[in-house]
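Here is a short report on charged side chains. Look at the model first, then read on.

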Amino acid sequence: MLGESAGTKGEATIEQIGRRRTFTRTLQLAIVLAVVQWPMRHAAQAGADCDIPGRLSLLVDGTFIMAYVYAAYRGYKYVRFLNRQRWQTVAAVGSWLVFLAAVLDVVEDVKLWSDFGAGACADLTTGLLTTVMHATFVVGWLIIALCYFATSRFGQQKLHGVELEPPATFSPSQDGGPDAGKLVITCSGGGIRSASFCLGALQHLREEGFYDKASTVIGVSGGGYTAAAFHVLRRAVPDPFAQGSPELARLRRQTRYLLQGGRAVFLAGLSVLFGLIVNLLLIGIVLRSVAWVLGWFLGNQGVISEGGTEILVTWRPDGSWNFLALAVGLLGISAAVFLIEKVWDRWARMPDVVRTVLNSISSVSLRYGVPVAVLLLGVPGGLYLVGQLPGDTGLPSELLALVDPTKQGVASFSALVVVLIGLGRSVWNGLATEGAESSKLRDRLLAFARTKLAPWAGTAIIVLAATIVLLRWTGGYATDEDFARDWSVAAILAAVAIGIKVFTDANRTSLHSFYRERLSRAFLVERKPNGSAAAIDYYKRLRYSEWATPKVEEPKEDAQGEPAEPKVVGPRLVIAGVANVEDADFVPTQRDCVPFVFDSDCIGIIGDRSLPDGGRRRTDDYEREADVLLREVTVPAAMAMSGAALSPLTGRVNGRTRPIRLLLAVLNARLGVWLPNPYWNNHVDDAFPPVTGFFPKLSRYVGSVIDKPGPYRLLREAIGSPSMYDRRIYVTDGGHYDNLGLVEALRRKPAQVIVIDASNDAEDRFSALAEAIATARMDHGIQIDIDPSPMVRGAKARADRAWVYGIATHPQTEDEAENNEDPYKTEIFFVKAVLAGQLDWDLEVYAQRHTDFPRRATSDQFYDEWDFEAYRSLGFALAESLTGHHRVKSRLNSP
């Protein structure tokens, strides 16, 4: 049932379901590859011209070997995870037998390949070696299947008489912890605009003592830049970024932090180009491989043949319906299952077991039936329409040049890439300013073109280019034997694929590393003994578990000479991001994300009551799992992930960015990061404890490198559908859930919250606040009462003031109900980046010159000294207006 599963009912943990899915899907892939091999092996054994199908079957068999070995390994890991009786030991035996069969299979393939080279047709067997290999393979998989059954709920009941209790639990998501009854400060998202505004506000709050009084500062996106910078420097000096300080002067020189200087521009270009090339190579490998197999099959079946200067397409070779039946057979099975359910329900109630089996059959047949029908019917149909032959005839030379960089079209191909980059930039800028109102017809038409038409145009160009390449290569493999016999292509494809796996991964090819470095060098500084300020060494590992903690002063002796308690000075740092998931089981329609919170103690997923417990891990253990070199979960990495607005997956904003998801993925416009799913490997003890000794460290290092996210994760970015059950989750901008950080602040049940808001919502609408109010009520049952009307400008020249006061009422706990106590309440002090009251003259002049002040578009991240100072000064002035009110100051100074 949609929105309900074993995971939502607690019958299985998220990790259990995820491990089972990875095993079954890998096994399905292996079965698909085995099915793809069958017609090739049949043709090689039955025909005189056996070289092409025989060797092609061996190439597919190599992929099949990797798939079934990986499936066996995942099956063993699943049984080991369940840890029931001693079945994990039995599963280990089965997986080792499958691995042994794979070794024998490789030896067999090498021998058969050389036999084809000798000129004689091979029967695809090697006698005793083949027999032993098949026997070992079958025994190994039978053992794994037995273990899979024995550890299932049904198997435990039948074999061991054990009734399994639901392993998952669901607890209230509100957890005060160290923030209960204290002050929390939040810094909203908004890029460099918010970073500048929040800097001024934090400067004033520190001067008034409220920053050091706070137990936690929560940063979102651009606000996280400043929150992190302030926190890191506060651990060393008492007055970070004070007026006249060397670090503030240095920061003024870094306001174009993304492209500060020629070297940064050069590295940015190389980062984009590197990822783009890798993406195109991966696309090329997939298209060439599919075209090779598909072209041979269509040619072998007689569907495609050469007819002079045209490609002939015959839908019923030899008058048989077999090909068409094969093309739509799986879809027919899905339709038949649907009819069976309808007819059965007409006459009787269908048993739940039967319905579950039929639904599984329908789901699998539909999953594979659609691509089979598209390839077997769409590709011949496309070739028939364009009349493409391998060569220079058929397709217009202009189209051929665009998609074939080996011909005279190198410049044209490069131009296509440039056009896509320009289109992507234009579209993103349009989406970033969507919602801005204009009365001019020209502006409205331009906005419509940029936000509605252009996004689909970029995706259409990519799909069209890939389709033309696939048609061209498929036609070549179907009609030209010399083309099909070029086995050096297979070696090149394999070498490129191995090189990509060994030398990079989906996180390294993205722009995250570049973005993280630029943020670190611009915002994370230290004050030198000689009075200067310099960037903290980027290669210094600022582990989140160590650097996000509050400063603890060394204990001193009291008046009696006894050791005093250590004194905590300043707040802890919390960075808010989101994990992109689209499971109807766990997230509301079109939300497409859950909060992902970086905290020094525990890190991970936090959501409403529908999410089971176990979404947070101890931060130090999680750091070791994410990367053996401790680079993925650091303060600068968290800053970059929380500010990863430019990504193919964007949480609640997916509705706007979905049309350009494929365009962003291909162009490498990817700032998000694939991190381990915190629901996995969440044990009482550390899953990745520190190791000592050469060989344990080597094993941990190799395992970490091999386990990095690969092309499959990139595919998930391009097509969407990330899942809570996946082994890795995609973490992006915290503003994709709550741009204020207010929901996370209230979840911690503080006594007071100061919200610094520099969101770019439309004037007088306060949409970021409205979304936070609704989200807090939906996810945590927290009722927020706040009236933003004093900040509304309306027809006036200025708003009355830039801050308001509100109350958040938490759900009544059982203890409160038993003791007849009122529900817990949190005071909210909300300060917004608006023009209110009389400002300093420099701000007045700046506002006259810049009509968009203080709502400059977030897509513009290139500020000069005047821009930076104006937003910083406004943040300072408005925070001063908040704390200057006698009632506010009295409330904030209360214990």
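A residue counts as buried when its relative accessible area is under 20%. The model shown is predicted. In it, Asp-726 is buried, and Arg-716 is buried too. These two form a salt bridge. Asp-726 sits in the loop between helix 26 (711-719) and strand 14 (728-733), while Arg-716 belongs to helix 26, so the pair ties together parts that are 10 residues apart in sequence.

Salt bridges that share partners also build one network. Its members are Asp-179, Arg-572, Asp-599, Asp-601, Glu-744, Arg-747 and Arg-748. The count for the model comes to 51 salt bridges. Three of the pairs are listed here.

| Acidic residue | Basic residue | N to O distance |
|---|---|---|
| Glu-15 | Arg-19 | 3.0 Å |
| Asp-345 | Arg-355 | 3.2 Å |
| Asp-726 | Arg-716 | 3.2 Å |

Arg-19 and Glu-15 are both buried. They lie four residues apart in helix 2 (residues 14-46), so about one helical turn separates them.

The side chains of Asp-345 and Arg-355 also meet in a salt bridge. Asp-345 is in helix 12 (residues 322-347) and Arg-355 is in helix 13 (residues 352-386), so this pair ties together parts that are 10 residues apart in sequence. Asp-345 is partly exposed, with a relative accessible area of 40%. Arg-355 is partly exposed as well, at 24%.

Now turn to the surface. Which residues form a negative patch there? They are Glu-814, Asp-815, Glu-818, Glu-821 and Asp-822. Glu-821 lies in the loop between helix 29 (814-818) and strand 18 (825-832). Glu-821 is partly exposed, with a relative accessible area of 40%.

How values were computed. Residues numbered from 1 in each chain as written. Predicted model: local features only at pLDDT ≥ 70, side-chain atom pairs only at ≥ 80, totals over all residues. Heavy atoms only, no water. Patch = residues over 30% accessible without salt bridge, like charges linked within 9 Å, V, L, I, M, F, W, Y side chains within 5 Å. Areas by Shrake-Rupley, 256 points an atom, 1.4 Å probe, with all protein chains shown as cover. Salt bridge = Lys/Arg side-chain N within 4 Å of Asp/Glu carboxyl O. Lys, Arg positive; Asp, Glu negative; His and termini not counted. Charge placed at Lys NZ, Arg CZ, Asp CG, Glu CD. Helix = DSSP H or I, 4+ residues; strand = E, 2+ residues; numbered from the N terminus. Buried < 20%, exposed > 50% of the residue type's maximum accessible area, 1.4 Å probe, protein only.
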